[in-house]
Amino acid sequence: MASLCYNKGCGQRFDPEHNIKDSCLYHPGVPIFHDALKGWSCCKKRTTDFSEFLSIKGCTKGFHSKEKPPEPFSQEETSDELKAKPVEELIIQGPKSVEKMQRERPSSDEPRQLLPIKVSRSLEQALEKLNLSSKDEAPKDSCAGEEAAQVRAGTTCKNAACKVIYQGPESNTEVCTFHPGVPVFHEGMKYWSCCGVKTTDFSAFLEQPGCSSGRHCWMGKGDKKVVSCRQDWHQTSSQVVVTVYGKNPLPTLSSVKANRTVLEVHIIFEGNKIFQAELDLWGVIEIEKSFVSMVPTKVEIMLCKASPGSWARLELAQSRLHSRGKQEKEGVNAEEPGAAQGEDSDDSLSWSEEEDKELEMGTPSN
């Protein structure tokens, strides 16, 4: 009985008893379809017509074969195999609503931690050039007589090198270890004028323990002037950067504290000018991954987001209104006695684009 040959390109019937080595002419390769050309991988003939492709004669001689080639999987069999295999579900969570974020928001009363400060080499060189005179020495007993009732819980001691935070009246009984002198930067060396322990590493200088003991100073010295600084902020999917512009920030006298929802900024610039701000952040941050970077012209506060995403704004709406009113009040108090109510203070560290344009055009502002 004649059998059908299943070799590609043959398709003839043959007698198995008379199947010899050269009785079948077939294609041992696979069909190729590329750039409208059709052919077999085993020979070089190509055509654009499908009927001619099917009639291309085989290029190799051999025995006829009655074995069927393996059939491709049907759609039903493929779908059954997919159903049998366990599939891991990938759940993509959309942005949270404002109401849900408020419910899950950590308390703003959580303890605040000091953020580490990184000082650039350019700021180190600028601080070395500052002429630190004896009038900048911290006066002794400058904190005597301050009342504990005026100190707010969470306030950091203003004495140099002391990082103790006011917890209550019991904090006044603790001994304060601090540097009574001033920082000195000379020929790459950094040290305090009161003890003279020198180092070339700025981080090691900031961590030097105090050399004198005394009382904590919670209220700060009265010779510093509160000023307003130009501020800005930007964000990425994982980080928020708050920028405060000012000339030569002093890292040894400045501090930035935060918990997961509140940022407290206390920066002292050259000339005993102090900038203070407290922000109720719009989102939640990770304290352990946040830090402060200082350069001669600005201070950048790098806040790591607790969860990736975009913040609608830097502060909560009610916080922004409260902060604006507080800054206006401090700006009025910082003016000189003879200054007019609407006149800008000379102590301000901020500047505007309008002032820059006026200077370029040579036109004085009114």
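How many aromatic pairs does the structure hold? I started there, keeping in mind that this is a predicted model. My count came to four aromatic pairs.

**Entry 1: the rings**

I looked at tryptophan 40 and phenylalanine 53 to begin with. Their ring centres are 5.4 Å apart and the planes meet at 20°, so I wrote the pair down as stacked, the cut-off for that being under 30 degrees. The two partners come from distant parts of the chain, 13 residues apart: tryptophan 40 belongs to strand S5 (residues 37–40), and phenylalanine 53 belongs to helix H1 (residues 50–54).

Are these two rings buried or exposed? Tryptophan 40 has 9% relative accessibility, so I call it buried. Phenylalanine 53 comes out at 5%, so it is buried as well.

Then I moved on to phenylalanine 50 and phenylalanine 53. Here the centres are 5.6 Å apart and the planes stand at 55°, so this pair is tilted. Both sit in helix H1, and because they are three residues apart, about one helical turn separates them. Phenylalanine 50 has 43% relative accessibility, so it goes down as partly exposed.

Which residues do the ring pairs link into a cluster? I found Phe33, Trp40, Phe50 and Phe53 joined that way.

**Entry 2: charges over rings**

I also checked for charged ends sitting over rings. Lysine 198 has its charged end over the ring of tyrosine 191, at 4.9 Å from the ring centre. Arginine 230 does likewise with tyrosine 245, at 4.1 Å from the centre.

**Entry 3: the sheet around S5**

Back to strand S5, where tryptophan 40 sits. I traced an open sheet of three strands in the order S4-S5-S6, paired antiparallel. Strand S4 (31–34) and strand S6 (46–47) are its edges, and each of them pairs on one side only. Between S4 and S5 I noted four bridges. As an example, isoleucine 32 has glycine 39 of S5 as its bridge partner.

Alanine 36 lies in the loop between S4 and S5. Its phi caught my eye: the value is near 70°, positive although the residue is not glycine. As a reminder to myself, most residues other than glycine have a negative phi. Alanine 36 has 55% relative accessibility, so I list it as exposed.

**Entry 4: asparagine 248**

Which other residue did I note with a positive phi, near 50°? That was asparagine 248, again a residue other than glycine. I placed it in the loop between strand S16 (239–245) and strand S17 (255–258). It is buried, with a relative accessible area of 7%. Its side chain makes a polar contact with the side chain of glutamate 270, at 2.7 Å. Leaving out residues up to four places away in sequence, asparagine 248 touches several others, including Leu123, Ala126, Leu130 and Pro296.

**Entry 5: strand S11**

I followed the side chains along strand S11 (residues 183–186). Pro183 and Phe185 point to one face and are buried, whereas Val184 and His186 point to the other face and are not. That goes with the general rule that side chains in a regular strand alternate between the two faces of the sheet.

S11 pairs with strand S12 (residues 189–192) in the antiparallel sense, over four bridges. Valine 184 has tyrosine 191 of S12 as its bridge partner, and tyrosine 191 is the residue whose ring lies under the charged end of lysine 198.

**Entry 6: the cores and another sheet**

How many residues are in the largest nonpolar core? I read 41, and the ones with the most contacts inside it are Leu115, Leu263, Leu281, Val292, Ile301 and Leu303. Strand S18 (residues 262–269) gives the largest share, five residues. A separate core has seven residues, among them Val151, Cys157, Tyr166 and Cys176.

I picked valine 292 for a closer look. Not counting its neighbours within four places in sequence, valine 292 is in contact with residues including Leu115, Ile117, Val256, Val299 and Ile301.

S18 also belongs to an open sheet of five strands, ordered S8-S17-S18-S19-S14, with mixed pairing. Strand S8 (113–114) and strand S14 (225–226) have a single partner strand each, so one side of each is left without a neighbour in the sheet. S8 pairs with S17 over two bridges, in the antiparallel sense. Glutamine 113 stands opposite alanine 258 in S17.

Note on methods
Residues are numbered from 1 along each chain as its sequence is written. This is a predicted model: local features need pLDDT of at least 70, side-chain atom pairs count only at pLDDT 80 or more; totals for chains, interfaces and linings use all residues. Side-chain values use heavy atoms; hydrogens and water are left out. Rings of Phe, Tyr and Trp (its six-membered ring) pair if their centres lie within 6.5 Å; planes under 30 degrees apart count as stacked, over 60 as edge-to-face and the rest as tilted. Buried means under 20% relative accessible area, exposed over 50%, partly exposed in between (1.4 Å probe, protein chains only). A charge sits over a ring if NZ of Lys or CZ of Arg is within 6 Å of the ring centre and within 35 degrees of the ring normal. Two strands pair if DSSP finds at least two bridges between them. A polar contact is a pair of N or O atoms within 3.5 Å; within protein, one must be able to donate a hydrogen and the other to accept it, and residues adjacent in sequence count only if both atoms are side-chain atoms. Contact means heavy atoms within 4.5 Å. A nonpolar core is a set of buried Ala, Val, Leu, Ile, Met, Phe, Trp, Tyr and Cys residues joined through side-chain atoms within 4.5 Å.
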